[in-house]
Every structure is written in structure tokens, then in C-alpha cells.
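The following exercises are to be worked through with the sequence and the model at hand. Each task is followed by its solution.

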Amino acid sequence: MTQNESNQTHVSFRDVETRFKGLFAWVFSTDHKRIGLLYLYSIVTFFLTGVALGIAMKLELMAPGRDVMDPETYNAIFTLHGVIMIFLVVVPGLPAIFGNFFLPIMIGAKDVAFPKLNLMSWWLYVLGALVALSSLFMADGPPDTGWTFYAPYSFKTNTNVLPAVIGAFILGFSSILTGINFIVTIHRLRAPGMGWFKMPLFPWTLYGTGWIQILATPIVGITLLMIVGERLFSIGFFDPALGGDPILYQHLFWIYSHPAVYIMILPAMGAISEIIPTFANKTIFGYKAIVISTLAIAFVGYFVWGHHMFTSGMSGTALYTFSLLTFLVAIPSAIKVFNWVSTLHKASIQLEAPFFWAVSFVFVFMIGGLSGLALGALATNVHLHDTAFVVAHFHYIVFGGVGFAFLGAIHYWFPKMWGRMYNKKRAITGWVLFFIGFNTLYLPMFFLGISGMPRRYYDYVERFHGPNIVSTIGSWVLLIGLVVIIYNLVRSAKKGEPAVKNPWGGKTLEWTVDSPPTLENFEDIPEVTKGPYDYR
Amino acid sequence: MENHTDAHIVPYKMYLYILGGLIMLTLISVAVTEIEFGEFSVLVALVLASIKATLVLIYFMHLKFDNKILQIMVPAIFILVALVIIIVFLDYNYR
């Protein structure tokens, strides 16, 4: 190999010359890393929009009565917040960004199995997002149904439900295509020697997620089309006046949307399972138990959807079946928590920002998980159903769980993605502010829910005032933390110290390639002989 | 991960047998509509259709000669779908 050729192979994927120039070199790129970053930039944009809507809601709830908006606006805002955060941010979040960027590298491949399909997934994502958000700019205004689009209201309201529903339908295709791509990549493109049980845990969770994406997403797709049918042609699937059953809608919706929670949380757990052994400098405790619990969560997660419907009027048999199954799914989740904590036992820990995110993930995830059991029990559910308690639980899992894991993952893989280091002190300051803000924001909502404050109400009685003030102040602290984090990362992406190949001492394959990686990641496909966490 | 270079060749006779079987089952599924099964009529139609689908999967789609992992995964997915439907009917049948 000549000197010139050798230099050519060490060109960062960002600087590679392609057929297109400028922005087109990105939006038409089939490189999995560029697609991962395209997803990152789009998802972060939508995330910030969702945050702004959330802050606006908390502002309205700071005092009883009308503060900054009318009830109709509040209804539209919580719907948009939900639709944006669920369909545009959390479901694609970790798999589309970090899965795209790191899955091929972590299994020793040069790209995903179907790079063009991968690019198409991103285009479909953007199209779906535009269609869903177009409802904002049409007459009649954005939908006010909540992100769940419950029948019969969703086909009775005059707001723009159709674009939101069709947008979500298109987004479903993007999700399915990503799932297919990842499953095929994992089956076919693992490096020689990388048996199933030598694969790192993040790809394992992407594998479980992929199956949920393929098997559950079509159900919500067809359900959303049924809503379209109801609105346009009054077919009568869900309309009691036409002999339909509104509870059937809830079944169909949650058959997807509960497993969707596992689409969100499994890759988050995978990212945490990568961060913890690296910063503990120790082999992960119970690798196989984590793998099996990942698959168990993916599998059992299919059968627990009914716990969203305990007060909807299902049969008693269905009620206790779903309650029992819900308790079962807590077991594999707890196994993971025990494994992460056991990994830290007698470890030599590096106290870096990703590690703080990971341990705080375990903390908030446990609060979220245990409060989920309170909701999974039939008797307490009747009391807590549709109260602020559910909102608190849900945000502890989805924002606390997925959000913390996302921020942990971006701090962990930042040096690899941008080839630069961030300011560590500022990163930890951001984490402290965010952690305090997060708990101040959502802990009071548990108390509010237990005392009976309903969710999705724009007003409340005087006795709920105190905790609501605390919660709103929490949202400001969280926002300040977020600003610090984003400022630090954006600034460091341009001006940070250049990063070495392996700044944290990780053992998985992504730490053996250049920072940032070259176009094809590896000059030669590596031969894998050891397990993924070969520390001590 | 082995590649499928050794494609399995199924004798034409076998395909003809399966085709005959599928035609027979189609005729049966038409014929049984003459019998009054009451609330089980949908179930009978579904069982017959499932047998046909299984034959297609096993022989026409070569599942019988494919990787062991696919032989496990394909039925597993059908079991999953069946379980979801059964659980939905735990609500409807006991309301």
C-alpha cells in the first residue's frame, strides 16, 4: 500500500468525497453513520419542539385558572407534545441514531445490510413528520385527542386528526424498515468469530427491538387506517352507534403501543449495558442473563397491553390476566437492574459524565418501574388511572429511562462520532442540573396523582397548587441543564480537543476504529476471538 | 453463518401432491359451509385456511429445507399472533 492509499483509508466519513456536494452529500448518503447523524439532527429538532410544548404546559399549570393559554390550546399542546415526543423522538431515538451509527461498527461490518433501504427509512421519517405536523398549519387546528387518538372522540372531533394519523402511519413504515434492516444486518453481517453470545449487548437490544418493530408496528398502522375509515366513511369499527366497539380500538392501539414502550426502552438498556462495564473497568455481570432478559422483555411485552385499559370496561378474566402478565414483565427488567448494580461491585470506577448518566438512569428507571407496579395492580389502578401519577410514572420511564440513556449514550459515543472530546466539567454540571430539575419536575406529580389530580386537565382546584409550583420550577431547572448540555456538545463538536481511538478504555469494536470512523469503518474486517467485555 | 449454496431440489411429484392437497382443502372449505357449525363456523374456516397456509410455507416456500433458526422463528411468530388473538378474546368472551 502506498503512503497516499494509506492516508486515503484514514479519511473521516465526514470528509469523504461523494457524488453530491454540501447538504445533498448528506441527505442522499447511504453511509450508516451519516444517516445516523441525519436522524440525530432531525430528532433533536423535534425533541426541542416537544420540550418547548412541555414547558408551556407546565407554565399553564403553575397556578389554577387560566394563566397563559385557553383550554383548547392546552388540549392541542398536550396532544402535539405526545405525538412529537412518542412518534418522532422516543420511538426512533436510540435505534435510529446510535443503532445506525454503531450497530455495523460494533458487529464488525462496513455498513448495514440494506444501505439504500436505510436512507429510505430516514426519508419516510421526514415525510411522516411533515405530514403529521402539517395539521398545525391547516384550518381547524392541530388534533386535541391526546397522542392515543382514542375512539370514538378521534372520529368525532373537528380538529385535524387525519394528517396526524396518516403521519404516524408513514412513520410506522420508517420504523419497520429500520427493524428489518437491523435484524438482517445482525443475522448476516457479524464479523467472523462473533457468535451470538459474543455480540455486545447494544446490538442484542437492537435485535429485540427490531422484532417488535416488525411484528407490532403493522397493527398500529392498520388501526390508524381504521380511524381514517371511520372519519371519512363512517364504517363503524369503533362507533357504538353503528354497532362498533370503542374498546376494540383501545385493544388494537395498545397491542402496538405497549410493545412500543419496549422499542423505546430496550435500546436504552443496551446503551446502559455498554456504558457501565466501560466505566467500571469490569466485565458485565451476567451477560447471558441480560441477553435472555432482553428477549424475555421483548416477548412478554406483547401480552401486557391491557393494563392501559383497566378502567375501560374489559371482562374480569382479561383484567386479572393482564395484571398478572404485567407483574411478570417486571422480572426481566429487575434482572437487568441487579446485573448493572452487580457489575459495579468491587469495580474500579471512572467518574465521567456517561457514567453519571448511566447510574442516574438506574435510579430513575427503578422509580418508574416500581410505580408501574402500583399501576399494574388492579385495585390501585382504579384509584390512580388517568391521574398525574400515570404522567409521572410514564415520564420516569420514557424521559428518565430513555432520555437519560440517550444523553448517557451521546456523552459516551461523542468522541467517536465527532472525533473530539467535550468539556467534562461542563458535562457534569449539565447532568447535575438536569437530574435535579427532572426529579423536581416529576416527583410532585406522583403526590398530585395520589391526591386525585387528573391528567390532561388545564385547570385544577386550589389544594393542588403547591406541588404544581414546585413541578413548574423543576421544568425550568431541567431546561437550564439541557441548555448547558447542548451548548457544551455543540461547542465541543467544533472546538473540542481531538479524541483518541479509545478515550474511555472500552473493549467493544467501535473503540478499535478511528475517531471519527472512516467511510467503511474497518480496513480489514476484524476476527473476533474474545467476548465483548473482556476486562478482568 | 453458512451460505445456501446447496439449494435443495424438490421433485415435481411432490409439488403436484401439494397442489392436489391444496385443491382438496379448498373444495372441503367450500363444502363445509353446507354444515351448520354455529359459532364455530369461523373457526372451522380458519383451521382449514391455516392448514393450507402451512403447506405453502413448508413446501412451496421451502421452510422444510431452510435454516433451523427459521424453522423455529416462523412458527414462533404465528404462535405469538395466535396468543395475541386469544388474549383479546379473553375480554370479548367473558364480558
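Helices are DSSP runs of H or I with at least four residues, numbered from the N terminus. The model is a predicted one.

**Exercise 1.** Locate Pro503(A) relative to the helices of chain A, and decide whether Pro503(A) is buried, partly exposed or exposed.

*Solution.* Step one: helix α16 of chain A covers 465-495, and Pro503(A) lies in the segment after this helix. Step two: a residue is buried with 20 or more other C-beta atoms within 10 Å of its own, and exposed with 12 or fewer. Step three: Pro503(A) has 16 C-beta neighbours inside 10 Å, and therefore counts as partly exposed.

**Exercise 2.** Which residues does Pro503(A) touch, leaving aside those up to four places away in sequence?

*Solution.* Step one: the contacts are Pro415(A) and Met421(A). Step two: Pro415(A) is 88 residues from Pro503(A) in sequence, while their C-alpha atoms are 7.6 Å apart. Step three: for chain A as a whole, 83% of the contacts between residues at least 6 apart in sequence join residues at least 24 apart.

**Exercise 3.** Describe the secondary structure and the compactness of chain A.

*Solution.* Step one: chain A contains 16 helices and 0 strands. Step two: its radius of gyration is 23 Å, close to the 24 Å that the globule rule gives for 536 residues, so chain A is as compact as a globular protein of that length. Step three: the C-alpha trace of chain A spans about 75 × 50 × 45 Å along its principal axes. Step four: of the 536 residues in chain A, 51% are buried.

Technical notes. Residues numbered from 1 in each chain as written. Chains lettered and ligands numbered in written order. Predicted model: local features only at pLDDT ≥ 70, side-chain atom pairs only at ≥ 80, totals over all residues. Helix = DSSP H or I, 4+ residues; strand = E, 2+ residues; numbered from the N terminus. Rg over C-alpha atoms; globule rule 2.2 N^0.38 Å. Contact = placed C-beta atoms within 7 Å.
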